[in-house]
Amino acid sequence: IQRACAQCEEEEKKIHRIVYASDTVQKSEATHLIDFEFTSNTGMVSAVINSSNPFPNSDFHKHEPHKRMIFTKNVGPPDLQSLKIYPLVWGNDPIGTLVLGSRKIHAFSFEMLNFCDTLRDHAAVALANAKMYRQMEQMATTDSLTKLCNRRHFNVMLTSALERANRFKRQASLLFLDIDHF
């Protein structure tokens with residue numbers, strides 16, 4: 001079974017990034033998908049994110065090859081016989097997808113699909129928490145107006161740079177600029 005998780009990375013630009021991919025049979029085959037970015041309206045994953053409805057557990061092998069666009073036209077495992085794509089929803093907002101594929105026809109049992117329903121909910125919570133943590137970290141370290149490091153983050157970075165220079169017996173320089181009317 002091949003698995004992938006695509007996260008809606010930049011909501012306003014509708015850019016998605018594959019954050020996890022694995023293949024239980026050929027271990028290295030799916031890892032090339034990790035960190036691949038694609039835009040909305042390019043494949044089935046985008047359609048699931050846009051509609052917040054799962055791609056049915058259908059006989060994927062019966063789809064014509066040109067209609068088997070999972071991520072994009074050029075990216076995605078073309079030899080899948082079974083496919084299920086779940087939206088990961090937090091509140092009312094789709095934040096990603098859970099993609100399951102198999103080279104076997106009718107690979108997903110009723111029990112497995114029920115388990116994946118639960119897994120989907122847990123994955124959505126984990127992605128939402130990671131996204132909120134990243135946002136909180138950014139808010140704590142950057143100025144909201146300029147998007148530059150705030151004083152606290154600047155002090156941490158300065159201390160780290162000075163310690164590194166001292167450890168490697170290098171000189172350090174600091175340049176202050178006051179820019180008006182930017």
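## How far to trust it

pLDDT is the predictor's confidence in each residue, on a scale from 0 to 100. This is a predicted model, so that score is a good place to start. The protein chain averages a pLDDT of 80, and 81% of the residues reach at least 70.

Confidence bottoms out in strand β1 (residues 2-10), with a mean of 59, and peaks in helix α3 (residues 151-167), at 93. Where pLDDT is low, the predicted coordinates shouldn't be read in detail.

## Two helices

Take α1 first: this helix covers residues 44-51, and M44, V45, S46, V48 and I49 in it are buried. Right after α1 comes S52, with a positive phi of about 60°.

Now for α3. Its 17 residues, at 1.5 Å each, should span 24 Å, and the C-alpha atoms at its ends are indeed 24 Å apart, so the two figures agree. Just past α3, K169 also has a positive phi, about 55° in this case.

## The largest pocket

The largest pocket has a volume of about 560 Å³. It's lined by 14 residues, and those closest to its centre are L148, C149, F154, F176 and L177. Sorted by class, the lining has 12 nonpolar residues, one polar and one charged.

## A word on cysteines

Is C116 buried or exposed? C116 is buried, because its relative accessible area is 3% and the cut-off for buried is under 20%. C149, back at the pocket, has 40% relative accessibility and so counts as partly exposed.

As for disulfides, a search of the whole structure turns up zero.

Note on methods:
Residues are numbered from 1 along each chain as its sequence is written. This is a predicted model: local features need pLDDT of at least 70, side-chain atom pairs count only at pLDDT 80 or more; totals for chains, interfaces and linings use all residues. Side-chain values use heavy atoms; hydrogens and water are left out. On a 1 Å grid over the protein atoms alone, a cavity is a set of points where a 1.4 Å probe fits but cannot get out, and a pocket is an open set with protein on both sides within 12 Å along at least five of seven lines; lining residues have an atom within 4 Å of a point. Grid points are joined across faces, edges and corners, and a volume is the space filled by probe spheres set on the points. Ala, Val, Leu, Ile, Met, Phe, Trp, Tyr, Cys and Pro count as nonpolar, Asp, Glu, Lys and Arg as charged, and the others, Gly among them, as polar. Buried means under 20% relative accessible area, exposed over 50%, partly exposed in between (1.4 Å probe, protein chains only). Helices (H or I, at least four residues) and strands (E, at least two) are DSSP runs, numbered from the N terminus. The expected span of a helix is 1.5 Å times one less than its number of residues. A disulfide is a pair of cysteine sulfur atoms within 2.5 Å.
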